[in-house]
There are 2 protein chains.
Amino acid sequence: VVGLAAGAYASDDLVTMQKNAKEWVMPTGNYANWRYSTLDQINAGNVGKLQVAWTFSTGVLRGHEGGPLIIGNVMYVHTPFPNIVYALDLNDDNKILWKYEPKQDPDTIPVMCCDTVNRGVAYGDGKIFLYQADATLVALDAKTGKVDWSVSNGDPKIGETGTSAPMVVKDKVVVGISGGEFGVRGRLTAYDIKDGKMAWRAYSMGPDSDILMDPEKTTMLGKPVGKDSGLNTWEGDQWKIGGGTTWGWYSYDPELNLIYYGSGNPSTWNPSQRPGDNRWSMTIFARDADTGMAKWVYQMTPHDEWDYDGINEMVLADVTVDGKKHKALVHFDRNGFGYTLDRETGALLVAQKYDPKVNWATHVDMKTGRPQVVDKYSTDHNGEDVNTKGICPAALGTKDQQPSAYSPKTGLFYVPTNHVCMDYEPFRVAYTAGQPYVGATLSMYPPEGDKNMGNFIAWDASKGKIVWSLPERFSVWSGALATAGDVVFYGTLEGYLKAVDAKTGKELYKFKTPSGIIGNVTTYEHNGKQYIAVLSGVGGWAGIGLAAGLTDPNAGLGAVGGYAALANYTALGGQLTVFSLPN
Amino acid sequence: VVGLAAGAYASDDLVTMQKNAKEWVMPTGNYANWRYSTLDQINAGNVGKLQVAWTFSTGVLRGHEGGPLIIGNVMYVHTPFPNIVYALDLNDDNKILWKYEPKQDPDTIPVMCCDTVNRGVAYGDGKIFLYQADATLVALDAKTGKVDWSVSNGDPKIGETGTSAPMVVKDKVVVGISGGEFGVRGRLTAYDIKDGKMAWRAYSMGPDSDILMDPEKTTMLGKPVGKDSGLNTWEGDQWKIGGGTTWGWYSYDPELNLIYYGSGNPSTWNPSQRPGDNRWSMTIFARDADTGMAKWVYQMTPHDEWDYDGINEMVLADVTVDGKKHKALVHFDRNGFGYTLDRETGALLVAQKYDPKVNWATHVDMKTGRPQVVDKYSTDHNGEDVNTKGICPAALGTKDQQPSAYSPKTGLFYVPTNHVCMDYEPFRVAYTAGQPYVGATLSMYPPEGDKNMGNFIAWDASKGKIVWSLPERFSVWSGALATAGDVVFYGTLEGYLKAVDAKTGKELYKFKTPSGIIGNVTTYEHNGKQYIAVLSGVGGWAGIGLAAGLTDPNAGLGAVGGYAALANYTALGGQLTVFSLPN
Ligand SMILES: O=C(O)c1cc(C(=O)O)c2c(n1)C(=O)C(=O)c1cc(C(=O)O)[nH]c1-2
Ligand SMILES: O=C(O)c1cc(C(=O)O)c2c(n1)C(=O)C(=O)c1cc(C(=O)O)[nH]c1-2
């Protein structure tokens, strides 16, 4: 474990460490969210020979999102609630070096919207950062598992919870908040890595001073956002229970010193109850890492009517659009559009559907950045207590939290997607702290004429085009991994780990792991051998029926019915499976 | 699935089916409890190349005992409480054909002495028989999982539970009862396979009419047992709460038409409270399959003072002792003696220690069959409230429920053993229905000077000698499998599946499965390929600390302290791992 050199930032270490392909030092692989490894011992030619090298049961059931970190000779494995962290000794047959199990009030579970998931721990400054379900951020000594400091980042009593992976940036640890289905007011918060003191907090909505925006200097598509944009796009005090939570992935560009992330749906899901654009829900933010001040923003889905949270990962890569190379940000939004933006300026370069079945909007107006909504699929237009049918995608979007991967070798983005449509009936709902503030009844199903509820696609972000697409029986709820071996890995809800050719999408290998995969595939090298690791454990929103034992088709915010057939393929689990080539 | 021919017995089918090595039709492999397969595709020469073929998470944590059945192209997998049964389609990538989950009162869990285990389902007459924790025996249609009939075999409110695997014999299903730590009165019960009507019930103690003994015809070591032997070896009415439960394994000899099994400890664990031999606790029974009448009995540990339940499996094999070939019964008792008996007559042929550290008795008197107890280790002699130290083996015996295997090819018995000693302090306890009726405080540790808490041994039952012995860090709590490939398989509490040479004990293969193994290794063939299957999921008595989250060293009836280090190697799980050779 590399210590922190005096005067340097933890993130300087991480920038170095993430170049060492033997390790996997942050949940996203690197600050740019590539989920790419330069390791190529396992490659398109031999991946078919992959074997299970070892396995580890976490001792917890339900949805296992995220994946392990590998720092030096230690692997850190986390679990869903109760959020156990294990440190495994790769040098001693993966013996348990230490185990940390926080004490959390189980009353937190019912205020978690979409299973008891956790997307992983972060590393920096010799510490492991765990963001608990009860919104406590805790710093553990990476060597011993002892608590260094701990801070509360929210209150589960009012529906505030934690599911996202923290990110270490410079001398800070950045965390979001969950609870858009409970009227939680979203924010990103940075804590001092040394002692957990709050450094800055940036809300998604509210007065400029709360949302850390400068009416003149903060821009959207090149234009200043203007005064109190996070107030005057809401009726009355609705912004106080306005959602726009920040439960997804964060990226960081050390050169620009900007943090990128997206905000979630405005609360409630009943659009008639909250007129206005509801800024800055559904928005990509570029914020200064030191101060939290927003440099630019882009709201993808103004006045959301479908729960298309904008929190999916921002992948930072060089992309050439119309002959011009950009420091770009590529983002596959829940709303079904794949966006390419200039990440310095926030300019919108590409916005194209990454599932041809997307029907709620015809296209994105490249001038205003606004999607052109189709009345037929507008739940606001159709009104309260009207069941709008056949909207594609469903509320869980063409993609949800499952992160994509980017290969600088092929220049392609590999995107695990949902291929699901919905009926959506909004209804009036009153806010009560700590109670669901949803206001819509949903049901989900594959697009008409299709049987597959998912696709795994390769995407050209410069043109906004699907290069190849692999149908999957269920949504691909696992995160992808791309490698220099020209292999792309992903997991399926039935539990298969699959390896496909990065260029052609040809399936090269598959293995049935113990339970459905919603974890993110990881790779590392130890003693000269490359390993592929993935957590199994069905759950998340798509798997909530199995995870929480629900059977009413409309339960689980409408997901239970659509994914009912999953019960024919897998059962609850919680295991790490590690693969390698035979000796 | 072979149907039942008119007029024939289900067991006739099973006798035929168990000769088909492609299937694994009863938990014990065959009626003789061999756990042996004639399959030899996987053999001593190639087992080192074994790979994980597929895996399945059961969706349940805690101790997973037993193993799957394979009937035709269907695999039946059971779980600990809540005792789910899955039927997996081997022809369709192990898709779930059906799942049966009984509704059971969770109040049953606290009256299970040694984890929420279940040792497996039985098959016969086109049905799957599940013996639930709450002592309900249920018959499921093997094709659909629909309940055919269901019968209550006990009352958890008074501590009666079910953990053992039922056995189908002729037109009956035979089940035992657990609860020796709750003063339950042990019995074996046979139910009609067609409708679940009780056919006979044979208690372990009580009047002759209850224990199905003929004072003249039922013999012990060749002599009639005499009138009311199950009454007059107890003080007053103590036999009514006398234990002698029947929670282990059953064997059947179709030619002799005898069922063999053993009874457990007399209740309480405080020997001063129950003067007398306490017949027929701690006894091997040979009973007529049609009537339940006892042909012969042999009490191994009269007036138990150490909790040496006699329930371990009876392996039926031809064994030559002193030049004479016997239809023998070989039994590795908790008390540390390996017995060979003539199974027709009940004659005692061999009784030798199968762990040299056994010290509570010097030897077994071959005339009387009585162990010669060493005063120093006699908890009765030393008396109530005195801590008798250094007794070997500990209460969980030199072997517990983990079944041995027998290879007719090598003629050897392969025995997973415990290498553990104890301190034992009896105390006075009053009986209250449904409350623990234990009356002793225990602590456990390896024998002085040793670090290993287990050995895996090969045993010569004709001489009563260890042939080879492999030390293991923890007790080997998993059941063994021997094959015609001259390989013997077993699992370890850390989670390793190991394959060793049947002749030499040389380790040929090991793999770290997700969780500690207390399941029994199984083999089958499908589409021309041999598979090895084993359940992981740490627990049982040895793993109760992990399984139930206990940390007081004396908790878990004294097991928690001794096995505390297990937490450094594994965590709770519940997975099936299936192995095969590479293509
Ligand atoms: O609005 C929110 O605060 C919030 C939180 C979460 C979460 O923290 O898991 C999800 C969502 N929304 C959500 O909309 C959603 O689709 C979703 C899926 C998942 C998942 O882990 O499978 N979480 C969440
Ligand atoms: O006396 C009984 O009724 C009874 C029941 C059980 C059981 O049903 O699991 C065990 C025991 N005793 C027992 O003594 C024992 O060592 C034991 C170990 C285990 C196990 O599954 O690991 N069960 C039991």
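How far is an oxygen atom of ligand 1 from an N or O atom in the side chain of Arg334(A)? The distance is 2.8 Å, and that contact is a good place to start a tour of this predicted model.

A word on conventions comes before the details. In this predicted model, local features need pLDDT of at least 70 and side-chain atom pairs count only at pLDDT 80 or more, while totals for chains, interfaces and linings use all residues. Side-chain values use heavy atoms, with hydrogens and water left out; residues are numbered from 1 along each chain as its sequence is written, and chains are lettered from A and ligands numbered from 1 in the order in which they are written.

## Around ligand 1

Arg334(A) is joined by two aspartates in the table of polar contacts, where a polar contact is a pair of N or O atoms within 3.5 Å.

| Side chain (N or O atom) | Distance to an oxygen atom of ligand 1 |
|---|---|
| Asp400(A) | 2.6 Å |
| Arg334(A) | 2.8 Å |
| Asp309(A) | 3.4 Å |

The protein covers 99% of the 470 Å² of accessible area that ligand 1 has on its own. Accessible areas here come from the Shrake-Rupley method with a 1.4 Å probe.

There are 21 residues around ligand 1, a residue being near a molecule if one of its heavy atoms lies within 4 Å of it. Those that come nearest are Glu65(A), Ser178(A), Gly179(A), Thr245(A) and Asp400(A). By character, the shell holds six nonpolar, eight polar and seven charged residues. In this scheme Asp, Glu, Lys and Arg count as charged, Ala, Val, Leu, Ile, Met, Phe, Trp, Tyr, Cys and Pro as nonpolar, and the others, Gly among them, as polar.

## An open sheet in chain A

Chain A has an open sheet of five strands with mixed pairing, in the order β1-β35-β36-β37-β38. Strands are DSSP runs (E, at least two residues), numbered from the N terminus, and two of them pair if DSSP finds at least two bridges between them. At the edges stand β1 (36-37) and β38 (507-512) of chain A; each has a single partner strand, so one side of each is left without a neighbour in the sheet.

Within chain A, β36 (residues 487-491) and β37 (residues 496-501) pair in the antiparallel sense over five bridges. Val487(A), for instance, has Asp501(A) in β37(A) as its bridge partner.

## Disulfides

How many disulfides does a search of the whole structure find? The search finds four over all chains, a disulfide being a pair of cysteine sulfur atoms within 2.5 Å. With the bonded cysteines of chain A numbered in sequence order, the pairing is 1-2, 3-4.

Cys113(A) and Cys114(A) are joined with an S to S distance of 2.2 Å, and the link is left-handed, with -105° about the S-S bond. Cys113(A) is partly exposed at 33% relative accessible area, whereas Cys114(A) is buried at 17%; buried means under 20%, exposed over 50%, and partly exposed in between.

Cys392(A) and Cys421(A) form another disulfide, with 2.1 Å from S to S. The torsion about this S-S bond is about 100°, so the disulfide is right-handed. The pair links distant parts of the chain, 29 residues apart: Cys392(A) lies in the loop between β28 (388-391) and β29 (405-407) of chain A, and Cys421(A) in strand β31 (residues 421-426) of chain A. Both cysteines are buried.

In chain B, the sulfur atoms of Cys392(B) and Cys421(B) are 2.1 Å apart in a disulfide. Cys392(B) is buried, with a relative accessible area of 8%, and Cys421(B) is buried at 2%.

Definitions and conventions
Polar contact = N/O pair within 3.5 Å; in protein donor to acceptor, adjacent residues only side chain to side chain. Helix = DSSP H or I, 4+ residues; strand = E, 2+ residues; numbered from the N terminus. Buried < 20%, exposed > 50% of the residue type's maximum accessible area, 1.4 Å probe, protein only.
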